Amino acid sequence: MSGTSPRDRAVNVTDGELIKPLVVLSIPIILTNVLQVGYNLADTFWVGRLGQPAVAALSFSWAIVFLIMSLSLGFSVAGTVLVAQYKGAGTINRVSRVAGQTITIIIGVSAVFSVVGFALAPLLLELVGAVPGSAEHRLAVEYTRTMFVGIPFIFGFFVFQSLLQGWGDTRTPLYLMAFGVALNVFIDPFFILGFQDNALFAWVGLEGLEATLYEATGFAGFGVQGAALATIAARGIGASIGFWLLFSGSVGIELSFSDLRPETETIRNLVRIGAPASVEVSTSALSVTVLTALVAIAGSDAVAAYGIGSRVTSMVVLPALGLARGVETVVGQNLGAEQVDRAKRGVAAAVVMITGSLLLFSVAIYVLADPIIGIFIEGPGAAVVTRIGGEYLRIVGATYVFLGVFYVVQGGFRGSGSTRLAMIFAFFGFIVFRAAFAYLLAVPGGFGATGIWYGEAIANVSMMLLAGGYFLRGTWANRVIDHSDSETTA
């Protein structure tokens, strides 16, 4: 490992002032996450041109795909934590080994989920409320199976992003994500709509060209499945470039193929940290799955509204998720350097920043709720979906600050390697609190979809209070690397 490449963009978070490097580190993560959601919003926008059944199918599908993908993401978190702590401790020669082992685990696990998810897609979709034989179920199966085929490609980029983040470089993944999103946005309308009734041609005044292309090819797009194909193509190219950068050594971390060879002790550490992190990350996805099943009781219009509303929420809380990932690096490197107080101050600074920003977002979302939902739906049923989705945003949006603070505190827990602790809080917050409050208000309480929205809001407040209270005790701030491994060997 060189660590001295002219293209090494790592941020120093262990010396000097703290807030500026935290912001410099986190802003690219936030922008990367914005672009990440850009994939989903682009898919939702263009699929929305196909009508309500297509949007509902995407909502059912994403509840499953996001859950399975999240189970693999935890090992990327483990890679971030170990890379950060080894770098903070000055044990640079261990970083490449950890990076290689993380890649091996991620590709292997995602391949298994790919096969299992493809086989069980129809059953899984039925479990979240898609009715077999319906148009929504048929379209959802096509989209879900296609996404499962491409999961290893998708996770190739995720692991690249996580390893560079632990090293302290968040700009390079941003640039690569921007390239991928631009490619995805460009090909999405063609993959989904082809050369028939494609609004893109009308926007640029090329209806004649569209007619000529359709006459020559007869291609009317792949429909909902086209959104998955476009995403996989863009992610696959991005992952290939990311791996080339890692093996070339041009981004600070320098891998060799020998680093991919399984090493028992390193894999054990990655599993010990990554398994709870996988459960933690998947709890948010599982809560979407559970709530989608509950919302299905209120009908397909409510499912479509929840699908759009939950994606908007995921966009709004991106600053919190970005800061949380930045906090992972700050906490990890400073605990590796045995600077506990500095690690705690990093979390506190992030909490203050996210509180101010999400208060502004909540006000904007409350005022513009209906128009925001309306952007993503046209055709039959659009008015009903817009009304229901607007109600969701106004209720849940009032608690964005609480959700944001929860994410930041969880980032502090993960950065210390306390992924079991983060898992416990996530389980109670996203699964127990959300499911229980939503069900009680929706079914016994008789409030239907509205009750589910209030249940999610109450859970957001409750989980923040629980995790925040424990954070203040300060007993979580211990590093996970051995002292014998932390001697400087660079």
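This is a conversation between a visitor and a guide about how certain labels are earned in a predicted model.

Visitor: What is the predictor's confidence in this protein, and where does pLDDT stay under 50?

Guide: The model is a predicted one, with a mean pLDDT of 85 for the protein and 95% of its residues at 70 or more. Over residues 486–490, however, pLDDT stays under 50, and for that stretch the model has 14 contacts beyond four places in sequence.

Visitor: Why is the pair Glu265 and Arg268 called a salt bridge?

Guide: The label asks for a side-chain nitrogen of Lys or Arg within 4 Å of a carboxyl oxygen of Asp or Glu, and the side chains of Glu265 and Arg268 meet at 2.6 Å, N to O, so the pair qualifies. The two residues are three apart in helix α10, residues 264–296, and are therefore separated by about one helical turn.

Visitor: What makes Glu265 and Arg268 partly exposed?

Guide: Buried means under 20% relative accessible area and exposed means over 50%, with partly exposed in between. Glu265 has 44% relative accessibility and so counts as partly exposed, and Arg268, with 46%, therefore also counts as partly exposed.

Visitor: How do you know that Glu328 forms a salt bridge with Arg325, and how are the two placed in helix α12?

Guide: Their side chains meet at 3.1 Å, N to O, which is within the 4 Å that the term requires. Glu328 and Arg325 are three residues apart in helix α12, residues 318–336, so about one helical turn separates them.

Visitor: Are Glu328 and Arg325 buried or exposed?

Guide: Both are buried, because Glu328 has a relative accessibility of 1% and Arg325 has one of 19%, and the cut-off for the term is under 20%.

Visitor: What makes the pair of Glu328 and Arg414 a salt bridge, and which parts of the chain does it link?

Guide: The closest N and O atoms of Glu328 and Arg414 are 2.6 Å apart, again within 4 Å, so the term applies. This pair links distant parts of the chain, with Glu328 in helix α12 and Arg414 in helix α15, residues 400–415, at a separation of 86 residues. Arg414 has a relative accessible area of 9% and is therefore buried. Elsewhere, Arg94, Arg97, Asp259 and Glu263 are joined into one network by salt bridges that share partners, and a search of the whole structure finds ten salt bridges.

Visitor: Why is the pair of Tyr392 and Trp453 called edge-to-face?

Guide: The search of the whole structure finds 25 aromatic pairs. In the pair of Tyr392 and Trp453 the ring centres are 5.0 Å apart and the planes lie at 85°; centres within 6.5 Å make a pair and planes over 60 degrees apart make it edge-to-face, so both conditions are met. This pair links distant parts of the chain, Tyr392 being in helix α14, residues 382–397, and Trp453 in helix α17, residues 448–471, 61 residues apart. Tyr392 and Trp453 are both buried.

Visitor: How do you know that Phe413 and Tyr470 form an aromatic pair?

Guide: Their rings are 6.3 Å centre to centre, within the limit of 6.5 Å, and the 75° between the planes makes the pair edge-to-face. Phe413 lies in helix α15 and Tyr470 in helix α17, 57 residues apart. Phe413, at 0% relative accessibility, counts as buried, whereas Tyr470, at 25%, counts as partly exposed.

Visitor: What makes Arg49 and Lys87 charges that sit over a ring?

Guide: Arg49 lies over the face of Phe45, at 4.2 Å from the ring centre, and the charged end of Lys87 sits over the ring of Trp167, 4.1 Å from its centre. The distance limit for the term is 6 Å, so both distances satisfy it.

Visitor: How does the reach of α14 compare with what is expected, and what covers its buried residues?

Guide: With 16 residues, α14 reaches 21 Å from its first C-alpha to its last, close to the 22 Å expected at 1.5 Å a residue. Its buried residues include Ile388, Tyr392 and Leu393, and what covers the buried residues of α14 includes α11, α13, α15 and α17.

How values were computed: Residues numbered from 1 in each chain as written. Predicted model: local features only at pLDDT ≥ 70, side-chain atom pairs only at ≥ 80, totals over all residues. Heavy atoms only, no water. Helix = DSSP H or I, 4+ residues; strand = E, 2+ residues; numbered from the N terminus. Buried < 20%, exposed > 50% of the residue type's maximum accessible area, 1.4 Å probe, protein only. pLDDT = per-residue confidence, 0-100. Contact = heavy atoms within 4.5 Å. Phe/Tyr/Trp six-rings, centres within 6.5 Å; stacked < 30°, edge-to-face > 60°. Lys NZ or Arg CZ within 6 Å of the ring centre and 35° of its normal. Expected span 1.5 Å × (residues − 1).
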